[in-house]
Amino acid sequence: VAGFWGDDRIKLSRFSIGLNLVMLPVAIFYAFSTRAFILEDALAGSFPQFLFQVLISLLLFLAIMTVINLLPRLLKIKGALSKPVKIPLDITISRIIEVLDSIPVLFLIITLVAISKPSVYMVMIVIGLTSWTSIARFIRAELLKIRGLPYIEASHAMGFGQLRILFRHALPNALTPVLITIAFGIAGAILIESTLSFLGLGASADTVSWGSLLAEARKSPDSWWLAIFPGGAIFLTITLFNLLGEGLSEAMDPRLRK
């Protein structure tokens, strides 16, 4: 979104902007606040059930916002309220990324563990919510370069829709160099979780993980297998993710296809 549309390619009427600002808290209230007890019960039950309920809330939120954005077209507002205004998506998303980049992931997880019981799912969520920024900045830079290339301009001239140009032409060419970054990001997430489990801050005490096995190896120096096998598993997994990223970059690169 930030790289392809930038700060000047998306325009909304003044009425649409005001309606979105007014109705956004309403959508959040009906999608999440009114379902707070359902989400809480699902979280106490099982993590897959919690994810399913979160998905329902997100779909409800998107449905409400879609209806809100269809209203200006149905009402056909005229006059000063219908004047289009440029939406600075690029600078807004970039500032959000910078804020998230300033948060130290490891200390954030330690803080959350200190106020709640250790859970590998919570660690996964925190890593996912804070580790996407490097990939987003990379793909934003690629799309900023690609959107000005001749074949994208030719697609606009042929009358193709914005979404078709983005997903069929721009994104496949921008995604290829990002795949290796994604693979390194997954490897980094595995290392973070292993580090937290080694420190006793990741998964719960009754959950066996590579990090917890390495912590046991520190307590039992004679049990060499507790260090060799988990450490070797971490090494092999990270190496395989790196090789997978390189393989995907070659397989999905349109310039390498015959």
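This passage describes salt bridges, a polar contact and a nonpolar surface patch in a predicted model.

A search of the whole structure identified 5 salt bridges, of which several are described here together with the helices that carry them. Within helix H5, which spans residues 89–101, Glu98 and Arg95 lie 3 residues apart, a spacing of about one turn of the helix. These two side chains form a salt bridge in which the closest N and O atoms are 2.8 Å apart. Glu98 has a relative accessibility of 38% and is therefore classed as partly exposed, and Arg95, with a relative accessible area of 39%, is likewise partly exposed.

Helix H5 also contributes Asp101, which forms a salt bridge with Arg137, the closest N and O atoms in this pair being 3.0 Å apart. In contrast to a contact within one helix, this salt bridge links distant parts of the chain, since Arg137 belongs to helix H8 (residues 133–146) while Asp101 belongs to helix H5, and the two are 36 residues apart. Arg137 is partly exposed, with a relative accessible area of 43%, and Asp101 is also partly exposed, at 38%.

Helix H8 holds a further pair, Glu142 and Lys145, which are 3 residues apart and thus separated by about one helical turn. The salt bridge between Glu142 and Lys145 has its closest N and O atoms 3.6 Å apart. The partners fall into separate accessibility classes: Glu142, at 13% relative accessibility, lies under the 20% limit and so counts as buried, whereas Lys145, with a relative accessible area of 52%, is over the 50% limit and so counts as exposed.

A polar contact was also found between the side chains of Ser197 and Glu193, at a distance of 2.6 Å. Ser197 is located in helix H10, which comprises residues 162–198, and its relative accessibility of 7% places Ser197 among the buried residues.

Turning to the nonpolar surface, Val67, Leu70, Leu71, Leu74 and Leu75 together form a patch with about 470 Å² of accessible area. One of these residues, Leu71, is found in helix H4, which covers residues 47–75. Leu71 has a relative accessibility of 33%, which lies between the limits of 20% and 50%, and Leu71 is therefore assigned to the partly exposed class. This value is also over the 30% relative accessible area required of a residue in such a patch.

Terms used. Residues are numbered from 1 along each chain as its sequence is written. This is a predicted model: local features need pLDDT of at least 70, side-chain atom pairs count only at pLDDT 80 or more; totals for chains, interfaces and linings use all residues. Side-chain values use heavy atoms; hydrogens and water are left out. Patches are made of residues with over 30% relative accessible area and no salt bridge: like charges are joined within 9 Å, nonpolar side chains (Val, Leu, Ile, Met, Phe, Trp, Tyr) within 5 Å. Accessible areas come from the Shrake-Rupley method with a 1.4 Å probe; for residues, only the protein chains shown count as cover. A salt bridge is a side-chain nitrogen of Lys or Arg within 4 Å of a carboxyl oxygen of Asp or Glu. Helices (H or I, at least four residues) and strands (E, at least two) are DSSP runs, numbered from the N terminus. Buried means under 20% relative accessible area, exposed over 50%, partly exposed in between (1.4 Å probe, protein chains only). A polar contact is a pair of N or O atoms within 3.5 Å; within protein, one must be able to donate a hydrogen and the other to accept it, and residues adjacent in sequence count only if both atoms are side-chain atoms.
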